[in-house]
Amino acid sequence: MQDSKLIKNISDLPAKARQRFKVYVNSPYFNQHEKTIVLLDYIYKYLGTNPKKLAREVVFKKLFPGETYSEQLLFNTMSSLKKLLHGFLAQQRYEEQDFVEDLFLLESTYYNNQFDLLKNRAKQLDRKMNKHPYQDAQHYYTQFKYLNVMAYYKNQHEDRNKANLLQQLTDKLDRYFMLEKLRHSCQLTAHEILSNSQFDYSFLDELIAYYLKEKDRFEDDTSIHLYYTILMSLRDDDNPAYYQDLKLLLQEQVHRFSPHEQRDLYSYANNYCVRQINKGAQNFQKELFELYQAGLSNELIFTNGLLNEWNYKNITVLGCILGEFEWTEYFLENYKERLPEKPRENSYNYNMAHLNYSKQRYNEALDHLLLVRFSDVTYHLNYNNLLLATYYALGDTEALMSLIDTFRIYVIRNRKMTNNRKKHYTNFLRFAKKITIAKQQPRSYGGPSKEEKFAQLYLQIKQSTNIVNRYWLENTCRSEAGETLEQLLAEENANSSAE
């Protein structure tokens with residue numbers, strides 16, 4: 001029984017919810033089955049302490065002393081407790097949501113012909129809605145459900161000739177539908193970009209055309225305009241106007257949304273910057289860095305008080321690229337404890353290694369890398385990328401060439417990496433090997449100089465697709481090529497202008 005879904009689901013409950021579940025099970029309104037109360041008390045007594053006490057036969061004896069063991073009888077009691085757990089979880093969600101109880105109460109008074117109570121509660125709900133701080137989907141849905149009762153009540157029981165509430169009802173329904181259609185289309189489009197797949201958006205284009213035609217009608221609907229802007233920034237990636245509009249809306253209107261939705265909205269802005277950076281638009285590195293700093297300041301980057309380890313890494317990388325070393329070190333030290341406990345030390349040591357590498361403290365970087373443990377594929381890849389760059393900076397050619405070969409074998413044989421991701425890494429390693437060889441080749445007389453080789457490598461990398469760590473490859477070649485690359489680029493620009 002200790003391996004049953006019932007035990008697992010109960011053990012997954014937070015301590016506070018577990019206590020509330022006990023109150024729920026002991027409530028005669030929700031439960032009048034005494035055996036489930038006994039079963040829950042017994043489970044709580046030995047949960048996580050003595051698994052043997054939760055063996056089926058032992059539990060059965062506790063529930064049905066003196067009776068012959070019956071698997072079915074025990075299963076029925078467990079099933080009853082499981083149904084109570086499901087009801088409790090639903091009840092919790094019901095209590096957590098704004099306006100749900102008010103709406104159900106309003107509907108109940110209407111269907112029970114309790115019209116005095118209906119009008120009284122309608123006034124209370126109307127006041128609550130006017131005070132509601134967020135202009136989100138729930139805002140429109142609540143107004144629609146409210147009007148769905150009041151419009152038909154007034155039409156049937158007060159004045160049939162006045163249909164203004166019915167008009168408001170359909171208007172709120174339209175707005176609720178438009179907002180939800182745009183919001184979910186943003187999610188679908190983002191997924192389409194990541195997975196390189198296609199989805200059916202039904203009449204989304206018609207909805208957009210209608211919105212643009214009737215834009216004045218939605219002038220006060222910030223949420224609809226915001227999600228339209230996000231959708232267009234996803235669809236028309238190369239038009240920065242949508243991003244700038246999104247950024248302005250986030251600065252001025254984000255308070256109109258719940259904290260949970262605010263996090264989603266900021267993630268869209270972040271992901272837009274990431275896509276632009278991946279296309280080579282380095283000016284968006286500063287944009288993304290500032291978005292992350294804002295997310296730290298207003299706590300929107302945190303989930304349940306914790307900082308995702310990959311955001312911790314991304315902030316560190318951007319801080320190092322932009323030369324914000326002092327701020328980045330402060331960030332790494334002061335936000336370490338906000339990381340989830342399991343990856344905390346790994347994440348801290350890897351990112352401290354990255355910071356020390358960026359500050360050209362290569363031996364200190366190696367010291368931190370030695371403390372990193374490979375918890376998953378991503379850490380293994382990031383570790384090898386940074387180790388490779390550190391070996392190159394130290395001029396340790398033998399260790400570098402050995403690492404490139406072993407890294408390549410790891411990538412090729414890894415079954416957890418997609419073929420596309422493998423291609424990105426093998427292309428990177430191919431160029432890393434060429435850079436290493438070019439660095440070690442002696443100066444030749446008559447052939448291309450070392451600087452010319454690095455300049456040509458830079459152009460090859462610039463023109464290549466499907467490649468990771470482009471920033472390190474290009475910067476390394478640019479640094480090694482020096483003025484030779486600048487002259488070559490100037491000649492290419494001159495030739496392009498002449499054509």
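How many nonpolar, polar and charged residues make up the lining of the second largest pocket? Let's work towards that pocket together, bearing in mind that this is a predicted model.

**Start with the whole chain.** Show the backbone as a cartoon, and you will have 24 helices and two strands on screen. The C-alpha atoms fill a box of roughly 100 × 70 × 40 Å along the principal axes. The radius of gyration is 31 Å, whereas a compact globule of 499 residues would come near 23 Å. If you colour by burial, 42% of the residues count as buried.

**Next, go to the pocket.** Select Arg93, Gln97, Asp136, Ala137 and Gln138, which lie nearest the centre of the second largest pocket among its 26 lining residues. The space here comes to about 690 Å³. Now add the elements that each give two or more residues to the lining: α5 (71–96), α6 (100–111), α8 (137–157), α9 (164–195) and α13 (259–278). Give α8 its own colour, as α8 contributes the most, with five residues. Here is the reply to the opening question: the lining divides into nine nonpolar, seven polar and 10 charged residues.

**Finish at α23.** Select residues 470–481 and measure from end to end: the end C-alpha atoms are 16 Å apart, which agrees with the 16 Å that 12 residues should span at 1.5 Å a residue. Then show the side chains of Trp472, Leu473, Glu474, Thr476, Cys477 and Ala481, which are buried in this helix. One step past the end of α23, click on Gly482, whose phi is positive, at about 60°.

Key: Residues are numbered from 1 along each chain as its sequence is written. This is a predicted model: local features need pLDDT of at least 70, side-chain atom pairs count only at pLDDT 80 or more; totals for chains, interfaces and linings use all residues. Side-chain values use heavy atoms; hydrogens and water are left out. On a 1 Å grid over the protein atoms alone, a cavity is a set of points where a 1.4 Å probe fits but cannot get out, and a pocket is an open set with protein on both sides within 12 Å along at least five of seven lines; lining residues have an atom within 4 Å of a point. Grid points are joined across faces, edges and corners, and a volume is the space filled by probe spheres set on the points. Helices (H or I, at least four residues) and strands (E, at least two) are DSSP runs, numbered from the N terminus. Ala, Val, Leu, Ile, Met, Phe, Trp, Tyr, Cys and Pro count as nonpolar, Asp, Glu, Lys and Arg as charged, and the others, Gly among them, as polar. The expected span of a helix is 1.5 Å times one less than its number of residues. Buried means under 20% relative accessible area, exposed over 50%, partly exposed in between (1.4 Å probe, protein chains only). The radius of gyration is taken over C-alpha atoms; the globule rule is 2.2 Å times the number of residues to the power 0.38.
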